[in-house]
Amino acid sequence: MTSELDIFVGNTTLIDEEVYRLWLDGYSVSDAVALRVRAGILEQTGATAAVLQSDTMDHYRTFHMLERLLHAPPKLLHQLVFQIPPSRQALLIERYYAFDEAFVREVLGKKLSKGTKKDLDDISAKTGITLKSCRRQFDNFKRVFKVVEEMRGSLADNIQQHFLFSDRLARDYAAIVFFANNRFETAKKKLQYLSFGDFAFCAELMIQNWTLGAVDSQVDDMDMDLDKEFLQDLKELKVLVADKDLLDLHKSLVCTALRGKLGVFSEMEANFKNLSRGLVNVAAKLTHNKDVRDLFVDLVEKFVEPCRSDHWPLGDVRLFLNQYSVTVHSLDGFRHQALWDRYMDTLRGCLLRLYHD
Amino acid sequence: MPGKLKVKIVAGRHLPVMDRASDLTDAFVEVKFGNTTFKTDVYLKSLNPQWNSEWFKFEVDDEDLQDEPLQITVLDHDTYSANDAIGKVYIDIDPLLYSEAATVISGWFPIYDTIHGIRGEINVVVKVDLFNDLNRFRQSSCGVKFFCTTSIPKCYRAVIIHGFVEELVVNEDPEYQWIDRIRTPRASNEARQRLISLMSGELQRKIGLKVLEMRGNAVVGYLQCFDLEGESGLVVRAIGTACTLDKLSSPAAFLPACNSPSKEMKELPFNEDPNPNTHSSGPSTPLKNQTYSFSPSKSYSRQSSSSDTDLSLTPKTGMGSGSAGKEGGPFKALLRQQTQSALEQREFPFFTLTAFPPGFLVHVGGVVSARSVKLLDRIHNPDEPETRDAWWAEIRQEIKSHAKALGCHAVVGYSESTSICEEVCILSASGTAAVLNPRFLQDGTVEGCLEQRIEENLPAGCGFCHIPYDELNMPFPAHLTYCYNCRKQKVPDVLFTTIDLPTDATVVGKGCLIQARLCRLKKKAQAEANATAISNLLPFMEYEVHTQLMNKLKLKGMNALFGLRIQITVGENMLMGLASATAVYLAALPMPGGIQIAGKTPSDGSYEQHISHMQKKISDTIAKNKELYEINPPEISEEIIGSPIPEPKQRSRLLRSQSESSDEVTELDLSHGKKDAFVLEIDDTDAMEDVHSLLTDVPPPSGFYSCNTEIMPGINNWTSEIQMFTSVRVIRLSSLNLTNQALNKNFNDLCENLLKSLYFKLRSMIPCCLCHVNFTVSLPEDELIQVTVTAVAITFDKNQALQTTKTHIEKSLQRASTDNEELLQFPLELCSDSLPSHPFPPAKEHLESARSNSGIPAAQRDRCSSWIELIKLKAQTIRRGSIKTTVTVEKASPMGEGNFRNRSAPPCANSTVGVVKMTPLSFIPGAKITKYLGIINMFFIRETTSLREEGGVSGFLHAFIAEVFAMVRAHVAALGGNAVVSYIMKQCVFMENPNKNQAQCLINVSGDAVIFVRESELEVISTQQPTANCQQSCAGGEVTT
């Protein structure tokens, strides 16, 4: 006796969250059944293995049919074939587009191209995430990227509107899209200590202040591309380190203000010029695409690592950076105050987030 | 009444890409009704075309309006080659033809293609203007309402129940026409879909005419079926119960307009029946048949009143015409006389109803069934309905005679079915013989009386159990006792019926689903030989099915079956029997004895031991079941009951017969001779197997109950969460070990595993009950068995359930201890508080309950649902490139969330899809049906030539059934409804050819489209706004739940 056909169709589509997770994680039906058995479901429910197998198959088939709709979530809302309560629809979408930290760290900042897709086997082997799941996550990134890349308006809002994500997930995807578009390097060894959250935080600050959208809300790609004009202008900041007097004045002002407040005052004083040079040079180099990509590498090399080697506590870093950027306003010879603020406000936020072990 | 049909094509969405080059589609729409066709403009290069057409107007006869479906075809315009069809929508405009139903059909319909399935949606508006033209000779029956529901629909009142209507139409099956060799599968499928749609329309119109002739205005319990006979044709047949219904206008009408019993009796006298077809019968009499004392001496000849019906098929049991039996008493006799005459004017006193207005059902005799084997290739004139009409008439005649033998003049819960394999066809009919109250059957009944419970004089909850037949001349041997409830009338020891449990019946504990399953191998044979072989097997199958049922019933410790449905399916090399019923313990019937096992050869010691071991197991099972189903009937001492009636012989309510083409009648004595009823004799291994299989049926996991009736006896606190589902399984038998035993085991496992799977799948709904579990077996090929199950899972409140049962038991205990005087009042009391006016507690917070069952924490779900709504709201306000809002809408405050959820859906059609509930039941728990919008009767064919690519047979059928559900929901939503009740999947014919990578499936579904309002909302509405607005508000409210 073999089962030729075995289906269950409910007027309201049944979604088993547990099986959905296994499916999203890319397990085959037999693996999923084995995992469910291991989770003790047979004992809890008194079901037989055959029942479990049939149930799992059924859910997998349903998910497979839903997958097409999940590629364009508004379709899931408007389609008539599967009657699913709104809360469940949201859950389906949210889980489908959720990604693994380990995976996103591997592809963050990479071009979402066929080439990268070919590397997915390696990523799968490295992270222990099934290839199927890697593919899904990669395709999700790419799909969202394609849909929003040419759009006007806020990146996160666009994503949310077209994919019906929660705020949190929409912001994460905005970061992923932003990183993929600007190809920021995140894979270098010295950046390994950074989490996706760290990068996403920086991305959000950069989107808010450094993109075209920050100054003009009526352009295409407003949130995706950095404001080229702004990056060009950043060269003007060079005077802060090139002009010896200005640099000395800046240093003395900062030191005066922080004396007695900083645990690592002497180290700061000794390193001030190096740090300042580092931060200003990062700005000046951003005209070149290559250097834009290396932004995070540079920040870690030029600022995070020197401070960390001197064991600056986070509080001291914060005090220093605040003082460092505020004091520039008192430098009479410096004319690019607004530019400085636009650069430094974001950078300060990023650096503070990046500064940890 | 000719009319003007107006159609407007608004828009399409999610269309498939038809032009690979541009990834777009140039769509236009053809609107066809009868022979007239209109076209919209081509909407270039869009997958979401906005046609916004003018109103296309068709001026048509109402005959056409009833027969023809509106046919909407979406096509892709192609300049150089033929236009490609995207898909079609058939819209049945019947609901627009009677005033109380829908006034407009408007909404998104899935565009369906028989090869590709659903391909996008189209928004259509349909209206009908009818002109009154009463002078014409009526060929149409516009205005007659149709209901699939097998009880009086909730917002109506039955003025008269006229009786049986049937009709049958035949046509050549397009799939078997010569042209099918040259046309595409799509064209063939569409021809078939269209033909069946036309035939259904015609059938419905013809039945409507019959109803008008009977002066009725509605058909209740309408059941339409297709017989795919193959070469000899395609038959569409329908049966139903003609009624005159009155719409209940206000809630006040639900209350019985109480007249005093005496007045009622005075007003009862028979009014001249205005129906010219019937001749009047004697004067009517008060119906106080409960007040007389038992007087067996009065004799009464049945023949005196049973008149002209020619019963050529008299049963052999000696109860036929001429045998003068002793009757219960003069009143009973008069009652019988009166109803009988009222009924006998009808050709067939049959009723397709399974639940009845209070007082309608007086006594129940038992199940009557008849089967007949026919050869389809012997039909003289296959294109004409005469032969089939004659076949069915013959079977109905037989049923009628069986009922008569049981002392009954009517058959209720009546249904008909067929099973076809090649040229052999088994026709089956079954029902429950009953004695009815004549008041509902005639014109001129008193206003207001009908709602009144007639059994004010009858002890509630046991009257229907009392035997209608003559106890000294019983149609079959039965064990009679005095009713355990009133102790005045005789009752049988077990009762089998095809109807739902009467609402006033007193039940102890809970009920459960019982199934008897059986396979019999049969040699492959041709024509006559085949038919003979089948006819020979049928009696044995019936016998065994019956034995299984009886044993399982005893094993459950129960004494009655409701909703009994025995399906016999014929295949190439086997016959399958599947009987399903809901077992209950009726308080009025005696407690069932246990089951005793007796060995043939008691000499052997080890054998003896084995037997006693089995015996113990069985006794344990019975005890366990009694506990499980809470069966603890009050103990009644023998003295109260009175001495047993002479000759305590065996039981069996089943009276049935088989007839072959030759009209030969075989009457089965199912009483197992003189043996004691409950002794299972183990004389060979077969019998051993039987006993084993008896014990292998596992009860549902705790928290689950199941039944095949409308509601579960003993559970009355349903919560509002329902889940209707269809599950299909096909197994392939290994041809090596095809013995009857192996076959039985396979089939048993198939059904048991299927049930287990259902329990597992629905475990999140616990505590819940599977109601209206409907199994259908078919044998699509030699070694394939297909089982299709449709049912609804309803959650209930466990705590409350316990309470109610407790009081229930207390009550019955109380009852048992009271003496006869008080008995008269008790039923009344019982009716007033435990009975049907409020079968459910007012829906408590359905939102809450729905949420709590979903597995994720409520808070999280709240969040989830609120985003989507938030996003939707945003989508309406935010335009692309508007000011940058750095997501200021942080998690909405609880207040805000509440607002979003309570907001009814925005009026624009494309915001969200409204929820449409589907249920095989006639009601929706915790809700009130406010309007019936019309019958849904849909037929779909789906075919594929890329079976593997569509996920194999399971993927193919899963998608198809989901699509069928979607199309039903869309039609209901377009009618303005939010639910389908009495939903039934009447056919699911699945054929595959894996070698050719092909499969085909035909599905036929029906139900009643309704608007329901949650009871909780109803209160709000009634206090705040006139009910006219409830349609919008409830539809809207549903969306957000």
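**Note on a predicted two-chain model**

1. The accessible surface of chain A comes to about 14,400 Å², and carbon and sulfur atoms account for 50% of that area. The model is a predicted one, and every value below is computed from it. Taken along the principal axes, the C-alpha atoms of chain A fill a box of roughly 90 × 45 × 35 Å.

2. The secondary structure of chain A consists of 21 helices and one strand. Chain A has 357 residues, of which 56% count as buried. Among the contacts in chain A with a separation of 6 or more, 70% are between residues 24 or more positions apart.

3. On charge, chain A carries 47 positive and 52 negative side chains. The centres of these two sets lie 3 Å apart.

4. Helix H1 of chain A, residues 17-24, is a useful place to look at burial. How many of the eight residues of this helix are buried? Six of them are, and the helix is mostly covered. The buried ones are A:Glu17, A:Val19, A:Tyr20, A:Leu22, A:Trp23 and A:Leu24. Which helices do the buried residues of H1(A) pack against? They pack against four stretches of chain A: helix H2 (29-38), helix H4 (49-70), helix H6 (86-97) and helix H10 (131-148).

5. Chain B has 19 helices and 33 strands. Of its 1041 residues, 60% count as buried. Chain B exposes about 39,800 Å², with carbon and sulfur atoms supplying 52% of this area. For contacts in chain B with a separation of 6 or more, residues 24 or more positions apart account for 79%.

6. B:Leu427 can serve as an example from chain B. This residue lies in strand S15, which covers residues 424-436. Is B:Leu427 buried or exposed? Its relative accessibility is 2%, and buried means under 20%, so B:Leu427 counts as buried. Leaving aside residues up to four places away in sequence, B:Leu427 touches B:Ala370, B:Arg371, B:Ser372, B:Lys374, B:Trp391, B:Trp392, B:Ile395, B:Ser417 and B:Thr418. A residue that is not on this list is B:Ile984: it is 557 residues from B:Leu427 along the chain, and the two C-alpha atoms are separated by 20 Å.

7. Over all chains, a search of the whole structure finds 52 salt bridges. One of them joins B:Asp67 and B:Arg205, whose closest N and O atoms are 2.9 Å apart. B:Asp67 lies in helix H1 of chain B (residues 62-67) and B:Arg205 in helix H2 of chain B (residues 185-213), so this pair ties together parts that are 138 residues apart in sequence. Both B:Asp67 and B:Arg205 are buried.

8. Helix H2 of chain B also takes part in a salt bridge between B:Arg192 and B:Glu175. Here the closest N and O atoms are 3.3 Å apart. B:Arg192 is in H2, while B:Glu175 is in the loop between strand S10 (156-171) and H2, so the pair ties together parts 17 residues apart in sequence. The two partners are covered to unlike degrees: B:Arg192 is buried, with a relative accessible area of 4%, whereas B:Glu175, at 23%, counts as partly exposed.

9. A further salt bridge joins B:Arg388 and B:Glu229, with the closest N and O atoms 2.5 Å apart. What does this pair link? It links distant parts of the chain, with B:Arg388 in helix H5 of chain B and B:Glu229 in strand S11 of chain B (residues 218-230), 159 residues apart. Both B:Arg388 and B:Glu229 are buried.

10. Salt bridges that share partners also form a network. It joins A:Asp16, A:Arg36, A:Asp55, A:Asp58, A:Arg61, B:Lys761 and B:Arg763. The members therefore come from chain A and from chain B.

11. The last point returns to helix H5 of chain B and to the surface. B:Glu386 has its place in this helix, which spans residues 386-405. With a relative accessible area of 52%, B:Glu386 is exposed, because exposed means over 50%. Which residues gather with B:Glu386 in a patch of negative charge on the surface? They are B:Glu172, B:Asp383 and B:Glu384.

Terms used
Residues numbered from 1 in each chain as written. Chains lettered and ligands numbered in written order. Predicted model: local features only at pLDDT ≥ 70, side-chain atom pairs only at ≥ 80, totals over all residues. Heavy atoms only, no water. Patch = residues over 30% accessible without salt bridge, like charges linked within 9 Å, V, L, I, M, F, W, Y side chains within 5 Å. Areas by Shrake-Rupley, 256 points an atom, 1.4 Å probe, with all protein chains shown as cover. Salt bridge = Lys/Arg side-chain N within 4 Å of Asp/Glu carboxyl O. Lys, Arg positive; Asp, Glu negative; His and termini not counted. Charge placed at Lys NZ, Arg CZ, Asp CG, Glu CD. Helix = DSSP H or I, 4+ residues; strand = E, 2+ residues; numbered from the N terminus. Buried < 20%, exposed > 50% of the residue type's maximum accessible area, 1.4 Å probe, protein only. Contact = heavy atoms within 4.5 Å.
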